[in-house]
Structures are given as structure tokens and as C-alpha cells.
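These are my notebook entries on a structure that I looked up. I wrote them in the order in which I looked.

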Amino acid sequence: MSGADIAIEAEGLTKSFGGRKVVDNLTMRVERGRIHGFLGPNGSGKSTTIRMLCGLLTPDSGRGACLGYDIRTQQSEIKRKVGYMTQRFSLYADLSIRENLEFVARIYGLARPVEAAREALLRLGLEKRAEQLAGELSGGWKQRLALAACILPQPDLLLLDEPTAGVDPKARRDFWDEIHSLAANGLTVLVSTHYMDEAERCHEIAYIADGRLLAQGTIAEIVSRSGLATYVVTGPDLEALAARLKATKGVDMVAPFGMALHVAGRDAARLSEIEREFGEGAPQQWTRGEPSLEDVFIDLMTHLEARR
Amino acid sequence: MILARQARASLARIHAMFVKELIQLRRDRVTLAMIVGIPLIQLLLFGFAINADPKHLATALLVQDDGPLARSFVAALRATDYFDIITAAADEKDAEGLILSNRVQFVIEIPPDFGRRVIRGEKPPLLIVADATDPTATGGAVSAVTAAASSALDRELTGPLARLAPAPAPFEVRVHRRYNPAGETRRNIVPGLIGTILTMTMLIYTALSVTREIERGTMEALLAMPVRPTEIMLGKIAPYVAVGGVQMGIILLVATTLFGVPIVGSLLVLGPLTLLFITANLSVGYTFSTIAINQLQAIQMTFFFFLPNMLLSGFFFPFRGMPLWAQYFGEALPLTHYLRIVRSVMLKGSSFGELAADSLALGVFTIVAMAVAVMRFRQTLD
């Protein structure tokens, strides 16, 4: 893989605020043209990492490059080529949609800002609301506007910080369709999210917690690398069973999913002993299952907490 | 070639900021109204209200001699227009009470046998008790008393009493009160008001501009865009230079039509120098904006800067009356230089050449303030 195929490369990125390490020795790599999901609980360092990548925060140590530009020394090139969508809506509430887009087009020095803004309006279906003030828009429309502003200068890389937080399911689906069509045209996207269904729409994901990267790769890779054996348990009295299983050595994760209980362990042999021990003669049904991405993440988090 | 292209791109970004600020200003109806309202109201209020040479001051009379000399003296005092005799005090204790209760500014006491003692050549005292807590309020009146007294007595001391009249001085003193012969406060205060009003409005406009972006969360998006601190600053300052120009126009119009303050010099001198002064204040405000964490802090800094400008620039009190260190301090304030410029151009007709030092000071001040602002501007969220 040559350097030109890499959109984001970070090595040992570290950032502290007030003595607390928010991002700790983070190493990651994103290939061009991919949609890379960035997952992790609140306060895990996702936003801080994204801000370091687009030059808004200076790392304490480590190095990184976006589109081949050094994040410490070439911020102005990065700003020109990278679209960053902030977690909180950060366009001008007292400007209309059109005025906001024209402002962005002018700042990026587009040849015909007015036309560029109009094209962006059409592409994202915002033309009917063009004269509406941005501050009066609902969450979904604000997000659309923010995305339109991000892609207006035709960046090569999009950094999206929780773009779908507080957006309804329909708008979320439209948003992801748009992201996929952009990626199909060669754009690289790094998108942070809380939602598992969104993670599954990504080509690759990175999972961080406490500022540390816990897993990275395609979903299949992450699931298989986790080495988890999983059983799906159905039947009565699952809550009592869950409590007993949690206290059992060899069970690394117990989590309820709807009417079922997911039970996972790293030692497959030990887990099948447990299956016999708890399953024989009991009213519940034990079936061997594939671990889901969520199982893996819950397991990762449980381990992290146990180590602390 | 490359340089020219970069300059064009930079101008385009300044233009983008300029248009954005202008739209935001246009949407802010209250601010729009205040652009016109503040200078108009303040000019009318202060222009009419402030008078450094007050007349018709409340006076009490304590007369213990009702002879022709005393009566003539009281009449002369009345004729100065400084004294409105509103009451008579019965005795000294009563007179003291009138002053303590702020009912009168002056008590004029004519001692018993005043007339007879003058004629005997005893030089009896004429006592004028002034409430001099505010020296400006009493200064003019007190200096008018001596002249009034001698002219009153001159008229009375005729015939055999003429020997008592003071001899005229062997020379004549001529004073030319140029540029403001009648000593009207307005001619001094109204041009000064142009400076103070512009200082206040300009400081506030830009003092809030960066902190507002931070507080509204728009700074993060702005910083992620390829726009430089200098471009943000110039784009944010430019619309308010125009606003300052409009305010200047309003004030000048009112000053000349309503207050009758002349513009002896050229508007072509006053205009550009006023724009320079406006830019100086906008730069200071913008600098505060880059230092302050929030809008409240920015406002506090603005007032911290505004007060010395008001008090040490020569607006309220004579600049040359201050101790030397205070004068040096005053030289560092833009209003000091602008007051000299605006008063000189409007009242004396000074030209660019005569105002070169003050213009240069304003220019240097502006550049320093802008440099500090650009250096202080935080380009990251660290």
C-alpha cells in the first residue's frame, strides 16, 4: 500500500487537558475512499482526535498526517482539503441557508460562490428553504446544511463528529445514503458515532475508549479477532440466570438483547462447559451464535474497566 | 504572479467576512437603531446640558448696611448675570445653613457701616462666601465679582470721594480670545463629543465580535476554514468603519445646524482623520475581543479603556492642567490626539501638515493594536 492511498495516518497521538490524558498514544490509519467509523463511549477522545486531525488542536506528542499533510505544520493545506463537521451546529444562526453557503464558498475562494451555493442547495434538496435562517431549522435540516457546507469546497476528506446525534431515523438514513454516494466518488470519510447500526454501514471501524484504540479493522476482522464464543439464550427467568452467569469464571460478557441473553467468553472450551453446566435440565435454550459487533464492544469495555 | 493571486484570494476572504458581518448587522435591528440613536441622543443631551461657565447661580444676601454704596454693589453683581439673589439671610448662622443645605451657591455679606468705612478709607471687607466644592461652578462668578465691585464703586466715588477710587493702570492689557471669542462651552464640547461618542460605539462593536463567535460556537467552524487571523480581523472591522462614518455624519450635521458649531477647516481633512480614529478604536475593541474569554469580560475591558479616554484626553478637563506623567499617559490614548484634530480642524481650520504628529500617533496606535490582536488571536482550540 503506497502513501498516496492513505488518507489519515496517525502514530502515537497524545493529548491531555488539565493533566488528564484524553487521547493516549493513538495510532490509526484510514485508506482513501473508505468510510471509516469512529466509535467509543462519551468522553472517549473521539472529538479530540478529530480536532487534532484537522489542525484545531495541537497534539502533545505523536505525529499524524491527513492527505499527506502534517497535522502540526501544514494546517492551512489541511483546512483547504478537509471538510470538518462539528458536533454542535456551528454555522451562523442569523444567516439564511443560502447566505451561509455563499459565505463558505467565498472563504474557500470558489470561482463562482453564488452558483456554487445554488448547486449545493439543489444537491441536498435545500432550495425550498434557501432563505430560511439557519437558527430556525430543525436538527435534521441543520445537519443537512452543515454537510452541504462541508462538501461545498469539494474536500478530499470529511471529518464528521457525531453528525447524526439528535437526528430522526429518516434523516439519518438519507444522511448515510449521501455519505455512501460521496465515498463512491472517491471521498474519504471519518465519522464518529454512537450508533451500532451506523457502525455497520462503515467499511472499517476504529473503537476507542479512554483515549486508547481498542480495536480497528472491518467488522468481520474485529469480530473474528475478538476470539469470543457466543451463545444466545432464550427462555424464562433470564434475569436470574444472567446474575448467576456474571459471577461465573469464564463468562466474559452477559448482556440482554430483547427476549434473549447474549453470553460470551474468550475461552470457547470453558464456555461450552458452562453451556452444559447451566443448560442441561434447565428451562432455557442455549444456541451457539456469532458474536455481534456490540458483543465485542461490550466485552472490550468490560475488560477495560476490569483492568482499571 | 503568485503573490498577486494570493493577495486576490486574501481579499476575497476579507470580502467574505465583510459580507457576513454586514448581513448579521442588518438582521440586528436593535443595533441598527442604536447606530443612529446613540450619537443623536448623546449629542443632544450633552451638547445642551454641559456648560462649563454657569450663570444665574443661587445667591443669598446678608446685608448689614443699606447705604448707596452697598446698594450699588449689589446692583453691579446682579448685572454680571452670574448671581441670582433668591433670598436674604437674617444672620451668619442662617447664611451658613443656606450653603450647607445646598439652597444657594453664594452668600454675599455686606458688613455694618460698609459705606461709612469706605469713605473713611478703612478698606472694609466685602465677604463673598462661595460653595466651592465644584470649582468650575464658582470660578467664573468669583472672577466677575472684583470687576463688578470696582465698577460699582467707581460710579459712586465721585467728587470729593474720587481720591478713594483706585488709579488706572499705566498700561492696557488686550486679550484676543481667538476661535471661540464668546467662550462658549458648546464650541469646545460638541467637537469633543464626536470623539467620545465614536470611542464608545466603536469599542463596543468590535469588542464583542470574536467573543460572540466563541460563545455561539461558530468559531470552531471558522477556525477549520482556510481564513487567516488578519483576514478575519479586517473583514470584521471594515463594516464598522462605514458605521462610524455614518455616525460622524449625523453628529456633524447636528453640530452645525442645531448647535451652530462652525467647521472652519476642511471636511477633506476631518473626514480621513476621523476614519483613522474610528479604525484605531475598532482595533482596540477587536484586541480586547481576542483577549477576553466571554462577552462580559470584553465589556469590562472596554470600560476600563473608555474611562481614561474620557478623563485624561482633555475632553472634560484641560489637558495641560494635568501633571506631566498624566500628560504622557494621555498621549497614549487615541482620543487625546483626535480631540486636538477635531477641535483644530473645526474651530481653527488646521490642515494635515499642522496635525501631522497627532495623525501619526493615531496611525501607530492602530497598527500596534492590530498587531497585538493578530498575535493574540487563538488559531486553535488548545
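**Entry 1: The loop between α6 and α7 of chain B**

I began with the side chain of B:Asn180, a polar atom of which lies 2.8 Å from the backbone oxygen of B:Glu184. I note at once that this is a predicted model. I then looked up the place of B:Asn180, and it is in the loop between α6 (135–156) and α7 (185–207) of chain B.

Is B:Asn180 buried or exposed? I found a relative accessible area of 17% for B:Asn180. The cut-off for a buried residue is under 20%, so B:Asn180 counts as buried.

I turned next to B:Tyr179, which also lies in the loop between α6 and α7 of chain B. B:Tyr179 has a relative accessibility of 36% and counts as partly exposed. I recorded its phi as well: B:Tyr179 is not a glycine, yet its phi is positive, about 70°. I remind myself that most residues other than glycine have a negative phi.

**Entry 2: Another positive phi in chain B**

I looked up B:Asn102, which is not a glycine either and has a positive phi of about 60°. Where is the place of B:Asn102? I found B:Asn102 in the loop between α4 (92–100) and β3 (106–110) of chain B. The relative accessible area of B:Asn102 is 62%. A residue counts as exposed over 50%, so B:Asn102 is exposed.

**Entry 3: B:Gln295 and its contacts**

I found B:Gln295 in helix α12 (residues 295–312) of chain B. B:Gln295 has 22% relative accessibility and counts as partly exposed.

With which residues is B:Gln295 in contact, leaving aside its neighbours within four places in sequence? I listed B:Leu208, B:Thr211, B:Arg212 and B:Glu215. I also looked up the pair B:Gln295 and B:Glu213, which are 82 residues apart in sequence. In space, the C-alpha atoms of B:Gln295 and B:Glu213 are 9.9 Å apart.

**Entry 4: Helix α1 of chain A**

I moved to chain A and its helix α1 (residues 46–53). Seven of the eight residues of this helix are buried, so the helix is largely enclosed by the rest of the structure. I wrote down the buried residues of α1(A): A:Lys46, A:Ser47, A:Thr48, A:Thr49, A:Ile50, A:Met52 and A:Leu53. A:Gly55 follows α1(A), and its phi is positive, near 85°.

**Entry 5: The two domains of chain A**

The domain assignment of chain A gives domain 1 (3–217) and domain 2 (227–307). I noted 37 Å between the centres of the two domains, taken over C-alpha atoms. Their contact takes 12 residues from domain 1 and six residues from domain 2 of chain A.

How much area do domain 1 and domain 2 of chain A bury between them? I found about 790 Å², with 86% of it on carbon and sulfur atoms. On the side of domain 1, A:Met196, A:Tyr207 and A:Leu214 lose the most area to domain 2, together 56% of what that side buries.

I then searched this interface for salt bridges, and the rule finds zero. For residue pairs in polar contact, both at pLDDT 80 or more, the rule also finds zero. The elements that give two or more residues to the side of domain 1 that touches domain 2 are α7 (196–199), β9 (204–209) and β10 (212–217) of chain A. By class, that side of domain 1 has nine nonpolar, no polar and three charged residues.

**Entry 6: Chain B against chain A**

Last, I looked up where the chains meet. I found 28 residues of chain B in contact with 24 residues of chain A. The area buried between chain B and chain A is about 2,500 Å², and carbon and sulfur atoms give 59% of it. In chain B, the residues that lose the most area to chain A are B:Glu220, B:Met225 and B:Pro226, together 22% of what that side buries.

How many salt bridges does the rule find across the interface of chain B and chain A? I recorded five. B:Asp382 forms a salt bridge with A:Lys15, and their closest N and O atoms are 2.4 Å apart. Across the interface of chain B and chain A the rule also finds 12 residue pairs in polar contact, both at pLDDT 80 or more.

Three elements of chain B, namely α1 (2–27), α8 (209–216) and α9 (218–223), give two or more residues to the side that touches chain A. Of that side, α1(B) gives the most, with 11 residues. I closed the entry with the classes: the side of chain B that touches chain A has 13 nonpolar, six polar and nine charged residues.

Note on methods. Residues numbered from 1 in each chain as written. Chains lettered and ligands numbered in written order. Heavy atoms only, no water. Contact = heavy atoms within 4.5 Å. Buried area = accessible area lost by both parts, 1.4 Å probe. Salt bridge = Lys/Arg side-chain N within 4 Å of Asp/Glu carboxyl O. Polar contact = N/O pair within 3.5 Å; in protein donor to acceptor, adjacent residues only side chain to side chain. Helix = DSSP H or I, 4+ residues; strand = E, 2+ residues; numbered from the N terminus. Nonpolar A, V, L, I, M, F, W, Y, C, P; charged D, E, K, R; others polar. Domains from an automatic or database assignment. Buried < 20%, exposed > 50% of the residue type's maximum accessible area, 1.4 Å probe, protein only.
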